[in-house]
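Thanks for coming. I will talk through one model today, starting with its pockets and then moving to its cores and helices.

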Amino acid sequence: MTEAARTDARPGREPATPAVRLTAVTKEFGPLRAVDAAELTIREGEFFSLLGPSGSGKSTLLRLIAGFERPTSGRIELAGREVTALPPSRRDVHTVFQDYALFPHMTVEQNVAYALTVAGVRKSERLARASEALRTVRLDDHGPRRPAQLSGGQRQRVALARALIDRPGLLLLDEPLGALDLQLRQEMQRELQRIQRATGVTFLLVTHDQEEALTLSDRLAVLDRGRIEQTGPPLEIYDRPATAFVAGFVGTTNLLRDQAAVRVIGAPGTYSIRPERIRIAAPDGQDGAPRPGERCVPGRITEIAHAGAHTRVVARLDAGDDRLTALRLNATGLPDAVRPGAPVHLLWNVNDAFPVPG
């Protein structure tokens, strides 16, 4: 997190004014409630993400903050100033979209400097600031080129430079990496994080990619059906999901309810156990007995799938028809006795079975 995003906790010191504050923001499209009474605070200088599946309301929420949509009810503040009814041009905000929206007939430098040209900024200052913005995104030698001469990642960096040239208080990123292949997407994720830290601008990213949100964000909000289900740092959301939806959507989990919870956990309710917290052992092996603080259930392997750095193992438990999924690092390997159809013990620390509201 950038220094600007940290709240000074010294006695008598007022907390910094949030970059974004939403109070009971609701947006309805006829009978559809796309955003439902959203409450959200984003700190100045923070890299914040809105994460959720398609139709969860995250893009609508971004458009409300940008001013492209007006809320049905509620209040929107940017840097302590109410902007609920103001148009986009009167908000200190820029938006970067997935499709880049570059002018093909202009050079990279002209694209980046376009807003300053429209504003009537003198040429020498335009060129100096365009050069600075291109240095920030590490494209300072690409100014004379046209967008068609650039890769997808380079075009996205030009779009970022254009959005940053007049130093906005808030940069909105609407699925900006969705059109890139996996390797380029990962490279651009690192670039986004580097640029945000270098500039100190508050970034608000909309994404459906859990790994992207967890990797980049200081904090994030998880949305479902227009409601903010949970807000917090990535590790807190992953390790301590507030609802069953968050547990199932952010990463993968074993979600156990009702009688399954009684059989596997030993208590009623709804519980989440992350697959990487489950230990797999042959029943007669030296690791087959539970260690202090562990719970052990017997089962039989139904599936083994190798997935890059991890191997996914699915076992059907002897008690009932429940199944548990475990992840094992390929570097550590699986015991020789762990193969499809073989009996196993599945073990985990009792504290790793986290209760969530059903």
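The lining of the largest pocket divides into 14 nonpolar, three polar and four charged residues. In that split, Ala, Val, Leu, Ile, Met, Phe, Trp, Tyr, Cys and Pro count as nonpolar, Asp, Glu, Lys and Arg as charged, and the others, Gly among them, as polar. This is a predicted model, in which local features need pLDDT of at least 70 and side-chain atom pairs count only at pLDDT 80 or more, while totals for chains, interfaces and linings use all residues. Residues are numbered from 1 along each chain as its sequence is written, and side-chain values use heavy atoms, with hydrogens and water left out.

Back to the pocket. A pocket here is an open set of points on a 1 Å grid over the protein atoms alone, with protein on both sides within 12 Å along at least five of seven lines; a cavity is a set of points where a 1.4 Å probe fits but cannot get out; lining residues have an atom within 4 Å of a point. Grid points are joined across faces, edges and corners, and a volume is the space filled by probe spheres set on the points. The largest pocket holds about 490 Å³ of space. Its lining has 21 residues, and V93, H94, T95, A115 and A163 lie nearest the centre. Which elements supply at least two residues each to this lining? They are β6 (93–97), α3 (114–118) and α5, and β6 gives the most, with five. Helices (H or I, at least four residues) and strands (E, at least two) are DSSP runs, numbered from the N terminus.

The second largest pocket has a volume of about 250 Å³. Its lining consists of E211, Y238, G251, T252, P275, E276, H310, R312, T325 and L327. Two strands, β15 (310–317) and β16 (323–329), give two or more residues to that lining. By class, the lining has three nonpolar, four polar and three charged residues.

Now the enclosed space. There are two cavities of 30 Å³ or more in the structure, and the largest cavity comes to about 80 Å³. Around the largest cavity are Y238, D239, R240, P241, S272, I273, R274, R277, N351, D352 and F354, with α8 (234–239) and β12 (270–273) each supplying at least two of the lining residues. Y238 also lines the second largest pocket. The cavity lining divides into four nonpolar, two polar and five charged residues.

Next, the cores. A nonpolar core is a set of buried Ala, Val, Leu, Ile, Met, Phe, Trp, Tyr and Cys residues joined through side-chain atoms within 4.5 Å. Buried means under 20% relative accessible area, exposed over 50%, and partly exposed in between, with a 1.4 Å probe and protein chains only. In soluble globular proteins, nonpolar side chains tend to be buried together. The largest core has 33 residues, and V112, L160, L171, L173, L192 and F203 touch the most other members. Two or more residues each come from α2 (108–112), α4 (123–136), α5 (152–164), β7 (170–174), α6 (182–199) and β8 (202–207). Which of these gives the most? α5 does, with six residues. A second, separate core has 26 residues, including L40, I76, V83 and L223.

L160 is worth a look on the screen. Leaving out residues up to four places away in sequence, L160 touches V96, V137, L171, L173, M188, L192 and I195, where contact means heavy atoms within 4.5 Å.

As for α5 itself, 12 of its 13 residues are buried. The elements covering those buried residues include β6, α2, α4, β7, α6 and β8. From first C-alpha to last, α5 reaches 19 Å, close to the 18 Å expected at 1.5 Å a residue; the expected span is 1.5 Å times one less than the number of residues.

Helix α1 (residues 58–66) is largely enclosed by the rest of the structure, because seven of its nine residues are buried. Those buried residues are K58, T60, L61, L62, L64, I65 and A66. G67 follows α1 and has a positive phi, near 100 degrees.

One residue of α6 to finish the tour: Q189. Is Q189 buried or exposed? Q189 counts as buried, because its relative accessibility is 9%. Not counting residues up to four places away in sequence, Q189 touches L177, E212 and L216.

Last, the whole chain. It comes to 10 helices and 18 strands, and 47% of its 358 residues are buried.
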